[in-house]
Amino acid sequence: MAPRANWKGFLRLSLVTCPVALYPATSDTEKVSFNQINRKTGHRIKYLKVDAETGDEVTSEDIVKGYKVDTDTYIEVTKDELDDIALDSTHTIEIDEFVPKADIDNRYLIRPYYLVPDGKVGHDAYAVIRETIRSMDKVAIGRVVLTNREHIIALEPLENGLMGTLLRYPYEVRSEKEYFDDIQDVKLTRDMLDLAKHIVEKKSGAFEPELFEDHYETALIDLINKKRSGMPITAKAAPKTGGNVISLMDALKKSIANEKDAAPTAKAVRDTAKETAKDTKAKKPKKRVEGQREMLLPISGKGGKEAAAKAATTPKKAADKPVRASARAKKAG
């Protein structure tokens, strides 16, 4: 299924306008997610919207928004009233200015989106806006309304498209002074800095996010696969600590010694991961990937014993090493 646009409207630079659609550039759907269930029956827990005082269930048509001004005192705001104050930019991203990308503080970045032409018309105008931004080596700042709120969005070329990043308002960013004022001003020796730089140089490399591994996600998949297969779950041993660091200089020297003794080196690990990634791309993908869709967790209670018995008689698939599944295949069945 094709991704669904979060917003559709127009992108405007002065008198140049084109229809566009906004899609989220990130997704959490591939992460393991859990449902809350009744331990006794194995059924999902259902949440009801109830009146905090009477305990009675409230229907959707009787639920409105309220702004809390005091204990048990709210100012009711209806949907029609919110629609009346909707801004003119609801269906248009108006480019207001162009700024150097380096001027945007990272604390103001919220989340990225992909902005693409919507339909068969307007591709020329879209390309003009995109290439104008690219040629000036700047970021276009505009406004977009999502979920009834106006957001600042920064647009920049990304290959043959545009990436838009939502920005925070100044009142949403906390000042660093209230956190950093108590940090002591210490003097470091040249030797300490040289040793630290040596460690950094040994660990330096290119930014390659495809080599990142979510160890907790992998552990979750492994845990569920083991429970599905009826394998015993053993408690994890407490990690060994290196004790208190007495001398910063000794710690730096020991770090360098550990780097020399470590095998394989971080570079060798990265090279191996690259080769593995290449081999994986070269192989023809299977129609079905074993992953979370194959995960079945027997639940004790009504129907639980029968499910456990069936799982015990079913041939077990290898689950020693969890396989990273696609977004569709990874959803727990």
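The questions and answers below go through a predicted model, from its barrel to its salt bridges.

Student: In what order do the strands of the barrel follow one another?

Tutor: Seven strands close into the barrel, and their pairing is mixed. From one strand to the next the twist averages 40 degrees. The order is β1-β2-β6-β9-β8-β7-β5.

Student: Which residue in β8 stands opposite L146?

Tutor: Strands β7 and β8 pair in the antiparallel sense, over seven bridges. Opposite L146 in this pairing stands R149.

Student: At about what angle does α2 run to β2?

Tutor: Helix α2 lies across β1, β2, β5, β6, β7, β8 and β9. Its angle to β2 is about 80 degrees.

Student: Which element gives the largest share of the largest nonpolar core?

Tutor: In soluble globular proteins, nonpolar side chains tend to be buried together. Here the largest nonpolar core has 21 residues, and L11, I93, L115 and L155 have the most contacts inside it. Elements that give two or more residues to this core include β1 (7-13), β5 (92-99) and α2 (123-136). The largest share, four residues, comes from α2.

Student: Which residues does I93 touch, leaving out those up to four places away in sequence?

Tutor: I93 is among the residues with the most contacts inside the largest core. With residues up to four places away in sequence left out, I93 touches W7, F10, L11, R12, L115, R143, V144, I153 and L155.

Student: How many residues does the second core have?

Tutor: This core is separate from the largest one. V99, I104, I141 and I152 are among its members. Its size is seven residues.

Student: How many residues of β3 are buried?

Tutor: Strand β3 covers residues 65-70 and is hardly covered itself. To count as buried, a residue needs a relative accessible area under 20%. Among the six residues of β3, the count of buried ones is zero.

Student: Which residue in the turn between β3 and β4 has a positive phi?

Tutor: β3 and β4 (residues 73-77) pair in the antiparallel sense over five bridges, with Y67 opposite I75. The two strands form a hairpin with two residues between them. The residue with a positive phi, about 60 degrees, is D72.

Student: How far apart in sequence are E156 and K101?

Tutor: A search of the whole structure finds eleven salt bridges. In one of them E156 pairs with K101, the closest N and O atoms being 3.0 Å apart. E156 is in strand β8 and K101 in the loop between β5 and β6, so the pair links distant parts of the chain, with a buried E156 at 16% relative accessible area. The separation is 55 residues.

Student: Is R130 buried or exposed?

Tutor: The side chains of R130 and E131 meet in a salt bridge, at 2.7 Å from N to O. E131 has 33% relative accessibility and counts as partly exposed. R130 has a relative accessible area of 14%, which is under the 20% cut-off, so R130 is buried.

Student: Which residues are joined into one network by salt bridges that share partners?

Tutor: The side chains of E150 and R143 meet in a salt bridge at 3.4 Å, N to O. E150 is partly exposed at 24% relative accessible area, and R143 is partly exposed at 25%. Salt bridges that share partners make one network of D96, R143 and E150.

Technical notes. Residues are numbered from 1 along each chain as its sequence is written. This is a predicted model: local features need pLDDT of at least 70, side-chain atom pairs count only at pLDDT 80 or more; totals for chains, interfaces and linings use all residues. Side-chain values use heavy atoms; hydrogens and water are left out. A nonpolar core is a set of buried Ala, Val, Leu, Ile, Met, Phe, Trp, Tyr and Cys residues joined through side-chain atoms within 4.5 Å. Buried means under 20% relative accessible area, exposed over 50%, partly exposed in between (1.4 Å probe, protein chains only). Contact means heavy atoms within 4.5 Å. Two strands pair if DSSP finds at least two bridges between them. A salt bridge is a side-chain nitrogen of Lys or Arg within 4 Å of a carboxyl oxygen of Asp or Glu. Axes are lines fitted to C-alpha atoms, for helices over the stretch in contact, and angles run from 0 to 180 degrees between N-to-C directions.
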